[in-house]
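Me: I have a model open on my screen and would like to walk through it with you. Could you help me read it piece by piece?

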Amino acid sequence: MSITHLGQPSTLPARPEDAVLDYVPNPRPGRPYLVRFTAPEFTSLCPVTGQPDFAHLVIDYAPGETIVESKSLKLFLGSFRNHAAFHEDCTVGIAERLLAEMKPLWLRIGGYWYPRGGIPIDVFWQSGEPPAGLWLPDQAVPGYRGRG
């Protein structure tokens, strides 16, 4: 497996399609465990108005043969900064790309989006049933309550 970003200078990809995700061998193959990435400052653009949208993303997965390298994941998520798409498309698209390339035993994503037009939109997706015996902690992101 070749590593594109780790230990190398890297620039933020202009688009998610341009982002290269790196994967490395799972150091604990054969035993299900959970990996969690939290991106509390995820941004993208509204495809209609071009205004910025903000989300708190939580990505949980049980590795198969590989794990995603975190610097490449950060660059991939950052590439959405100038990407215009609806909340649902961003959230599910991130999960589907990771699932297709990494082939984890199981994956879920929670996209907790801040209000657009006064309504918060939360988007959830998972690849199926989690492996037996896998501990699934709550994603622990409270629903939006405004300023109060």
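Reply: Happy to! Keep in mind that this is a predicted model. A good place to begin is strand β5, residues 106-113, which is mostly covered.

Me: How many of the residues of β5 are buried?

Reply: Buried here means under 20% relative accessible area. By that cut-off, the buried residues of β5 number eight of eight.

Me: Which residues of β5 are buried on each side?

Reply: In a regular strand, side chains alternate between the two faces of the sheet. In β5, one side holds Trp106, Arg108, Gly110 and Tyr112. The other side, buried as well, holds Leu107, Ile109, Gly111 and Trp113.

Me: In what order do the strands of the open sheet lie?

Reply: Let's build it up pair by pair. β2 and β3 (residues 52-62) run antiparallel and are joined by nine bridges. β3 pairs with β5 over eight bridges, and β5 with β6 over five. Put together, the four strands have the order β2-β3-β5-β6.

Me: Which strands are at the edges?

Reply: An edge strand here pairs on one side only. That description fits β2 and β6 (122-126).

Me: Which residue stands opposite Arg108 in β6?

Reply: We can follow a path across the sheet to get there. Arg36 stands opposite Asp60 in β3, and Asp60 in turn stands opposite Arg108 in β5. Opposite Arg108, in β6, is Gln126.

Me: Which element gives the largest share of the lining of the largest pocket?

Reply: That pocket has a volume of about 230 Å³, and its lining includes Phe37, Pro40, Phe42, Leu73 and Arg81. Two elements give two or more residues to this lining, β2 (35-45) and α1 (70-78). The largest share, seven residues, comes from β2.

Me: How do the lining residues divide by character?

Reply: Glu41, Lys74 and Arg81 are among the residues that line the largest pocket, and Glu, Lys and Arg count as charged. The full division is six nonpolar, three polar and three charged.

Me: What span does helix α2 reach from its first C-alpha to its last?

Reply: α2 covers residues 87-102, and its buried residues include Val92, Ile94, Ala95 and Leu98. With 16 residues at 1.5 Å a residue, the expected span is 22 Å. The model comes close to that, at 23 Å.

Me: Which residue follows α2?

Reply: Look just past the end of the helix for a positive phi, near 55°. The residue there is Lys103.

Note on methods. Residues are numbered from 1 along each chain as its sequence is written. This is a predicted model: local features need pLDDT of at least 70, side-chain atom pairs count only at pLDDT 80 or more; totals for chains, interfaces and linings use all residues. Side-chain values use heavy atoms; hydrogens and water are left out. The expected span of a helix is 1.5 Å times one less than its number of residues. Buried means under 20% relative accessible area, exposed over 50%, partly exposed in between (1.4 Å probe, protein chains only). On a 1 Å grid over the protein atoms alone, a cavity is a set of points where a 1.4 Å probe fits but cannot get out, and a pocket is an open set with protein on both sides within 12 Å along at least five of seven lines; lining residues have an atom within 4 Å of a point. Grid points are joined across faces, edges and corners, and a volume is the space filled by probe spheres set on the points. Two strands pair if DSSP finds at least two bridges between them.
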